[in-house]
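This report deals with aromatic rings and the charged groups placed over them. The sequence and structure come first.

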Amino acid sequence: MSIAEKIIAWQKKHGRHGLPWQHNITPYRVWVSEIMLQQTQVTTVIPYYQRFMSRFPSLISLANASEDVVIEHWAGLGYYRRARYLHLCSQVVRDQHNGDFPSNADELIALPGIGKSTAHAILSISHNMPYAILDGNVKRVLARYHNISDVLTGVETMRNLWKIAQTAMSQTECRTYTQGIMDLGANICKRQPLCDLCPLQSGCKAYKYNTQGNIPNKPRKKLKRTETCYFRCYMNSNRLWMEQRPSSGIWPKLWSPPYCTTKPCEKTRHIALASFRHTFTHFHMLVHPIIIHTVDPRRNTGGAWFALDQAERMGIPAAVKKIIKSIQHETKVS
DNA sequence: AATACGGGGTC
DNA sequence: GACCCAGTATT
């Protein structure tokens, strides 16, 4: 039995089924899921995917939406550049590909936000074509299987892994294989692997030499320093208005500190209250409209991801009070 | 080849 | 608190 056959058999019996992007499979739906799932765990993505597909059920509906609305629906997922590329990509497909995703790897990779792994995922999952992916799961599974203890960032190591991935790839049940090797990585070949349950145990070199703990080998972590970043907002008696951060650097083009998305209501309320205590006497009466205006109406969470046109529709007031909030941010230093 | 980009989960 | 996660683009 080949690796592919083992993975496929395992996937059918023990893999993940019933995920939102696993039914009504289309290139559009697979693409959105793949972008959301970049560096983001499945359980985190599911509710965002549901809301996003409900609001943007087709590529054309996404392409015709404004970027601000797209960002609103991304708020809380992180890596917001993904959402901007997603939106841009939908417009490129609408304008240059007649609204249909290309079905070859090169043209997919040329699209914004789509790299080799995502392109191959779209091809193998939505078209059942034999293009191998190489995400974090696959790297871990294959590096362990072949006992590759090199740091997985080297060019030559990655070239080798891509070759291994493509060689292992099923030529027939491509969708099931791709899903299977990811599910195997996520649920069996984890950091603490469950080798007793693994269908690849008999051929796995890391299992044989008991080197699972050293693979995948990560590069030495760099020292970090913290820097202080700011966001700024203005308010008058009944409006709160946030500035947009610069398009480069930390939180590019975002309208509020990311931590507002974690416990947004509490944080936003706290900031507003603290400010008003200095400024107004009857802050209780004044806080309410502020909270209303910082609420994300879609989720009622208070996430304050303002879009510029929204702020303008609200009426940007003469700034009565300026608040500057600083946030500690860690960056790597050489 | 190294780094930025984020929020959440895990141990 | 360190580390990781269905990676990609930029420098």
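The sections below cover the ring pairs and then the charges over rings.

## Aromatic pairs

The model is predicted. It contains five aromatic pairs. A pair of aromatic rings is described by the distance of the centres and the angle of the planes.

## Trp21 and Tyr49

One of the five aromatic pairs joins Trp21 and Tyr49, with 5.2 Å from centre to centre and 80 degrees between the planes. Planes over 60 degrees apart count as edge-to-face, and this pair is edge-to-face. Trp21 belongs to the loop between α1 (3-14) and α2 (27-36), while Tyr49 is in helix α3 (residues 42-55), so the contact ties together parts that are 28 residues apart in sequence.

Both residues can be placed by accessibility, where under 20% means buried. Trp21 has 7% relative accessibility and therefore counts as buried. Tyr49 has 1% and therefore also counts as buried.

## Tyr28, Trp31 and Phe101

The ring centres of Tyr28 and Trp31 are 5.9 Å apart and the planes are at 50 degrees, so this pair is tilted. Tyr28 and Trp31 are three residues apart in helix α2, which means that about one helical turn separates them. Tyr28 and Trp31 are both buried. Together with Phe101, Tyr28 and Trp31 form a cluster linked by ring pairs.

## Charges over rings

Arg51 places its charged end over the ring of Tyr48, at 4.9 Å from the ring centre. In another such arrangement, Lys116 lies over the face of Trp162, and the distance to the ring centre is 4.2 Å.

Terms used. Residues are numbered from 1 along each chain as its sequence is written. Chains are lettered from A and ligands numbered from 1 in the order in which they are written. This is a predicted model: local features need pLDDT of at least 70, side-chain atom pairs count only at pLDDT 80 or more; totals for chains, interfaces and linings use all residues. Side-chain values use heavy atoms; hydrogens and water are left out. Rings of Phe, Tyr and Trp (its six-membered ring) pair if their centres lie within 6.5 Å; planes under 30 degrees apart count as stacked, over 60 as edge-to-face and the rest as tilted. Helices (H or I, at least four residues) and strands (E, at least two) are DSSP runs, numbered from the N terminus. Buried means under 20% relative accessible area, exposed over 50%, partly exposed in between (1.4 Å probe, protein chains only). A charge sits over a ring if NZ of Lys or CZ of Arg is within 6 Å of the ring centre and within 35 degrees of the ring normal.
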